[in-house]
Number of protein chains: 2
Amino acid sequence: MADSPREIETLIGLMAKLPGLGPRSARRAVLHLIKKRDVQLTPLAEAMRAVAETARECLNCGNISTSDICDICSSEKRAIGEICVVEDVSDLWAMERSQVFRGRYHVLGGTLSALDNVGPEDLRIPQLRDRVAAEEVSEVILALNATIDGQTTAHYIADQLDGTGVRVTSLAQGVPIGGELDYLDDGTITAALKARKAF
Amino acid sequence: MADSPREIETLIGLMAKLPGLGPRSARRAVLHLIKKRDVQLTPLAEAMRAVAETARECLNCGNISTSDICDICSSEKRAIGEICVVEDVSDLWAMERSQVFRGRYHVLGGTLSALDNVGPEDLRIPQLRDRVAAEEVSEVILALNATIDGQTTAHYIADQLDGTGVRVTSLAQGVPIGGELDYLDDGTITAALKARKAF
Ligand SMILES: [Zn+2]
Ligand SMILES: [Zn+2]
């Protein structure tokens, strides 16, 4: 198309790949950014560069961090006895927004899935077992999505931790069937955590 | 919030200001970008920086460009006798997608609005008069949105060009009442342009 310079077409094309944006909304967003160059476009470019250069996975829990060990894992204020297992960092963020859990996390990076050919080694399940053995863990809270794959994964992990002496619980009351944690309000998550039951 | 590093919170905050995105979709987009750091985040940061450094308004028509005079104004393939007046660059892009107009543009940068206190000097209307006087313009096509402000602006411009000898037309058939150009399909725009009538 001859209608806009190559640099702008490139930017629109990349923006259109973002989840929630398509070609039309990408064009609108780019125009908006160009009109707000100094207060939005330049800061956004800089923020992206900063994240691209610093973001990495926490070596301990899989959370996104800007250091080898994330703020949560390295915080002395977080209980070391409780590990909350989540599928994705977005679920960790959802848990943190509810401000009710004060332990640490373990981010699996997905769920077991026969269809998508995802096995335990593709997730962070072996590392979870290592943490339970190495850290003074008394409880593992399975905060997986209430989907079939999520619950399959929860059962698999519970089996793996059987015999380690750790208490395995799961979020209970309040998580609707088929619901995904990241879509729940803080109150629902709080209620589900408080009413957790032995798995 | 302690749940993610400051650099990531900054990026989420800036992304949430984009039209079409809110806090939730911004978080999802940022997570997506971090997971695709090399193929999406880094290229996007670079594309934004490139646009921030190069994008400017064409001094002639107000189109977004990476040089003082935009590709359309400087193209020898575009008829100099026809100027299509649009409200915004997004409308120019919509016209270009229809590939039916081969003249040049004049981007007003908005519409007259008593409510929002927008007068002719706040738009690029004086410059339009100058172009009609200076360039060999035979026709000015008013491609303004079919809103009240758009049509008020069209009438004002037609008045301003009265006596210059230039033919003033407007998009006619196919533009629905209250419709905005940027939301129309290419075929509608093509039909509206072909059936344009004297204003
Ligand atoms: Zn960590
Ligand atoms: Zn131009």
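How many disulfides does the structure hold over all chains? In this predicted model, the count is zero. The legends below describe the cysteines, the zinc sites, the aromatic pairs and the arrangement of the chains.

**Figure 1. Surroundings of A:Cys84, a cysteine without a disulfide partner.** The closest cysteine sulfur to that of A:Cys84 belongs to A:Cys61, at 11 Å. A disulfide requires two cysteine sulfur atoms within 2.5 Å, and the separation of A:Cys84 from A:Cys61 is therefore too far for a bond. A:Cys84 has a relative accessibility of 0% and so counts as buried. A:Cys61 is likewise buried, with a relative accessible area of 1%. The absence of disulfides extends over all chains of the structure.

**Figure 2. The zinc ion (ligand 1) and its donors in chain A.** Four cysteine sulfurs serve as the protein donors: the SG atoms of A:Cys58, A:Cys61, A:Cys70 and A:Cys73. These atoms lie 2.3 to 2.4 Å from the zinc ion (ligand 1). The angles subtended by the four donor atoms run from 104 to 115 degrees, and the arrangement is therefore tetrahedral. Along the sequence, the donor residues follow the spacing C-x2-C-x8-C-x2-C. Among these donors, A:Cys61 is buried at a relative accessible area of 1%, and A:Cys70 counts as buried at 1% relative accessibility.

**Figure 3. The zinc ion (ligand 2) and its donors in chain B.** Coordination is provided by the SG atoms of B:Cys58, B:Cys61, B:Cys70 and B:Cys73, at 2.3 to 2.4 Å. The site of the zinc ion (ligand 2) is tetrahedral, with angles of 105 to 114 degrees among its four donor atoms. The sequence spacing of the donor residues is C-x2-C-x8-C-x2-C. Two of the coordinating cysteines can be described by their burial: B:Cys70 has a relative accessibility of 2% and counts as buried, and B:Cys73 counts as buried at 7%.

**Figure 4. The aromatic pair of A:Phe101 and A:Tyr105.** Over all chains, a search of the whole structure finds two aromatic pairs. In the pair formed by A:Phe101 and A:Tyr105, the ring centres are 5.2 Å apart and the planes meet at 65 degrees, so the geometry is edge-to-face. A:Phe101 counts as buried at 2% relative accessibility. A:Tyr105 is also buried, its relative accessible area being 1%.

**Figure 5. The aromatic pair of B:Phe101 and B:Tyr105.** The rings of B:Phe101 and B:Tyr105 form an edge-to-face pair, with 5.2 Å from centre to centre and 70 degrees between the planes. Relative accessible area is 2% for B:Phe101, which is buried. B:Tyr105 is buried as well, with a value of 1%.

**Figure 6. The axis relating chain A and chain B.** A turn of 180 degrees, with a shift of 0.0 Å along the axis, lays chain A on chain B with an RMSD of 0.0 Å. This is the relation of a two-fold axis. Within chain A, the C-alpha of A:Ala45 is the nearest to the axis, at 2.3 Å. Of the interface residues of chain A, 100% are also interface residues in chain B, so the copies meet through the same surface.

**Figure 7. The two assigned domains of chain A.** The domain assignment places domain 1 at residues 6-54 and domain 2 at residues 64-170 of chain A. The centres of domain 1 and domain 2 of chain A, taken over C-alpha atoms, are separated by 34 Å.

Notes:
Residues numbered from 1 in each chain as written. Chains lettered and ligands numbered in written order. Predicted model: local features only at pLDDT ≥ 70, side-chain atom pairs only at ≥ 80, totals over all residues. Heavy atoms only, no water. Buried < 20%, exposed > 50% of the residue type's maximum accessible area, 1.4 Å probe, protein only. Donors = N, O, S within 2.8 Å, 3.2 Å for Na, K, Ca; no water. Tetrahedral: all angles 85-135°; square planar, octahedral: opposite > 155°, others 65-115°. Least-squares fit on C-alpha atoms with pLDDT ≥ 70 in both. Contact = heavy atoms within 4.5 Å. Domains from an automatic or database assignment. Phe/Tyr/Trp six-rings, centres within 6.5 Å; stacked < 30°, edge-to-face > 60°.
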